[in-house]
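Visitor: Hi, I've just opened this one and don't know my way around yet. Can you walk me through it?

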Amino acid sequence: MATKEPIGVLGAGWVGLVTAGCLAELGHEVVVRDIDPERIGALGRGHVPIHEPELEELLARNGERLRYTLDAEEAFAAAGVVFVCVGTPSLYSGDADLSAVWRIVDELPELERRTVLVMKSTVPVGTGARIRARLDELGLAHVGYASNPEFLAEGTAVANFMNPDRIVIGAFEQEDADAIAALYEPIDAPVVRADVASAEMIKLASNAFLATRISFINEIANVCEATGADVEEVARGMGLDPRLGPHFLRAGIGYGGSCFPKDVAALKQLAGNTGYHFQLLTAVIEVNELQKRRVVAKLVKHLDTLQGKTVALLGLAFKPNTNDMREASSLVLASRLLAESAAVRAWDPVALEAARPLLEGVELHDNLVEALDGADAAVVVTEWPELRDLASAEVRRAMRTPLIVDGRNLLDPDAVRAAGFLYEGIGRPSPGSPLLGEPEPARLR
Ligand SMILES: NC(=O)c1ccc[n+]([C@@H]2O[C@H](COP(=O)([O-])OP(=O)(O)OC[C@H]3O[C@@H](n4cnc5c(N)ncnc54)[C@H](O)[C@@H]3O)[C@@H](O)[C@H]2O)c1
């Protein structure tokens with residue numbers, strides 16, 4: 001394949017590495033710059049520091065077109081387009097922390113040719129206009145700026161990048177938008193051209209709407225529990241309506257991760273900073289926080305008290321196929337359970353290392369049955385495929401009390417109960433609910 005225009009990527013996290021690997025796959029030479037020496041060192045040795053399906057193979061396959069560096073100048077040299085993929089976490093106020101973005105603008109190396117900074121990081125609306133003004137102030141009118149928000153989802157990031165639903169490009173100059181669109185030409189997807197502010201809002205509004213759907217179905221689930229309906233059937237029946245669609249109607253113990261919590265908070269604060277109270281998002285956030293804690297009441301319903309009980313959290317990552325622990329529901333749950341004086345154990349197939357510094361006081365296991373040995377309850381926190389067979393005779397024998405609280409509605413309640421377990425899902429009929437009558441005693445053995 002003929003080598004195409006070299007590209008710079010700033011930030012070697014989920015978005016940066018996937019962007020770099022996919023652009024290299026499309027034939028570009030890509031220089032990836034990060035400020036973390038450990039990360040750059042590991043990548044140079046062929047070690048991918050994050051767990052993301054297909055990524056390691058993608059980077060290895062395109063190794064000859066990829067370079068990793070700590071030197072910003074190297075990433076800008078010869079590149080006409082430089083993607084900004086740095087983190088924009090929440091500040092204490094809920095606003096997005098843009099310090100990594102501003103650092104890039106303020107430390108731009110001397111550029112000999114026209115270069116376009118392409119913002120893939122999720123930033124508040126108005127950031128592009130402020131960066132444009134700063135670039136002009138610094139006498140850098142020849143540095144272009146565009147917004148090209150990223151919609152990939154962890155766990156399917158490579159496939160999402162290569163087969164996106166849409167490519168959104170917002171630029172101040174037509175020629176910059178054209179240059180970015182040309183990079184994506186081999187990818188078959190609708191291109192949405194917008195002004196910079198609208199491109200920024202498309203990303204924030206999309207994430208906020210997805211989070212709203214999750215909180216909506218979680219509230220429906222809670223009402224289902226109180227009234228005897230089954231949220232799984234409700235969601236299926238709703239999702240067949242083409243005006244609604246089936247996506248993000250999975251009831252559970254709340255959303256987490258590096259994007260939804262911070263992006264919803266950032267949009268709410270952005271509105272608040274302009275004097276507008278975004279009431280709906282305030283509710284979305286509150287519902288999500290409460291949802292993470294509902295497991296505690298379900299455990300108490302069967303175990304009476306959590307004091308001295310052993311609870312095993314199954315799955316720690318914020319979702320399957322990633323080791324990302326940012327804002328994971330498991331973190332809230334573990335600290336709530338510890339506060340109730342329960343002994344907390346946890347299992348995860350890939351996130352134990354990332355979780356260890358965040359879960360003080362929790363006993364971590366890489367073996368599922370060992371995590372459940374003598375436990376009074378198993379809580380499905382992350383819907384790892386490995387947990388589909390949780391209700392086995394081996395697990396039944398290992399647990400002191402065979403109680404499964406299925407925080408992701410992963411399991412078939414009838415099969416789990418038939419295997420001799422007590423089962424509690426989210427928004428599904430359970431003992432004590434109007435459909436199934438009085439609660440069974442917790443100790444079945
Ligand atoms: N993770 C996702 O699923 C996802 C999806 C869509 C959009 N986004 C957005 O993309 C952005 C990046 O997210 P992520 O999950 O990849 O973050 P991340 O935390 O995994 O990676 C960010 C990387 O940027 C590096 N960095 C910080 N300052 C730098 C600088 N000045 N120059 C070069 N590198 C620098 C950090 O060391 C880190 O390795 C965020 O704004 C996020 O909201 C993330």
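Visitor: Which residue caps the N-terminal end of H9?
Guide: That's Asp 195. One of the oxygens in its side chain sits 3.2 Å from the backbone nitrogen of Ala 197. Keep in mind that this is a predicted model.

Visitor: And how many residues does helix H9 have?
Guide: Helix H9 has 32 residues, from 196 to 227. At 1.5 Å a residue it should span 46 Å, and its end C-alpha atoms are 47 Å apart, which agrees.

Visitor: What follows H9?
Guide: Gly 228 does, and its phi is positive, near 95 degrees.

Visitor: OK, new topic: the ligand. Which residues come nearest?
Guide: There are 25 residues around the ligand, and Val 15, Asp 34, Thr 88, Glu 154 and Lys 262 come nearest.

Visitor: What kinds of residues make up that shell?
Guide: It's a mix: 10 nonpolar, seven polar and eight charged. Helix H1 (14-25) and helix H5 (99-106) each supply at least two of the shell's residues.

Visitor: Where does the side chain of Asp 34 touch the ligand?
Guide: At an oxygen atom of the ligand, which is 2.6 Å from an N or O atom in the Asp 34 side chain. Thr 88 also has a polar side-chain atom 2.6 Å from a ligand oxygen. With Trp 14, the backbone is involved: one of its N or O atoms lies 3.0 Å from an oxygen atom of the ligand.

Visitor: So how much of the ligand's accessible area does the protein cover?
Guide: The protein covers 90% of the 830 Å² that the ligand has on its own.

Visitor: Let's switch to sheets. What's the order in the one with eight strands?
Guide: The order is S3-S2-S1-S4-S5-S6-S7-S8, in an open sheet with mixed pairing.

Visitor: Which strands stand at the edges?
Guide: Strand S3 (66-69) and strand S8 (191-194). Each has a single partner strand, so one side of each is left without a neighbour in the sheet. On average, neighbouring strands of this sheet are turned by 25 degrees against each other, ignoring direction.

Visitor: How many bridges join S5 to S6?
Guide: Five, between residues 115-119 of S5 and residues 143-147 of S6, and the two strands run parallel. In S6, Ala 146 is the bridge partner of Val 118.

Visitor: And what about the sheet of six strands?
Guide: That open sheet goes S11-S10-S9-S12-S13-S14, with parallel pairing. Strand S11 (363-365) and strand S14 (422-424) stand at its edges, each with a single partner, so each has one side without a neighbour in the sheet. Here the average turn between neighbouring strands is 20 degrees, direction ignored.

Visitor: Which residue in S11 is the bridge partner of Arg 345?
Guide: Glu 363. Strand S10 (residues 343-347) and S11 pair in the parallel sense over three bridges.

Note on methods:
Residues numbered from 1 in each chain as written. Predicted model: local features only at pLDDT ≥ 70, side-chain atom pairs only at ≥ 80, totals over all residues. Heavy atoms only, no water. Helix = DSSP H or I, 4+ residues; strand = E, 2+ residues; numbered from the N terminus. Expected span 1.5 Å × (residues − 1). Polar contact = N/O pair within 3.5 Å; in protein donor to acceptor, adjacent residues only side chain to side chain. Near = heavy atom within 4 Å. Areas by Shrake-Rupley, 256 points an atom, 1.4 Å probe, with all protein chains shown as cover. Nonpolar A, V, L, I, M, F, W, Y, C, P; charged D, E, K, R; others polar. Pairing = 2+ DSSP bridges. Axes fitted to C-alpha atoms, helices over the stretch in contact; angles between N-to-C directions.
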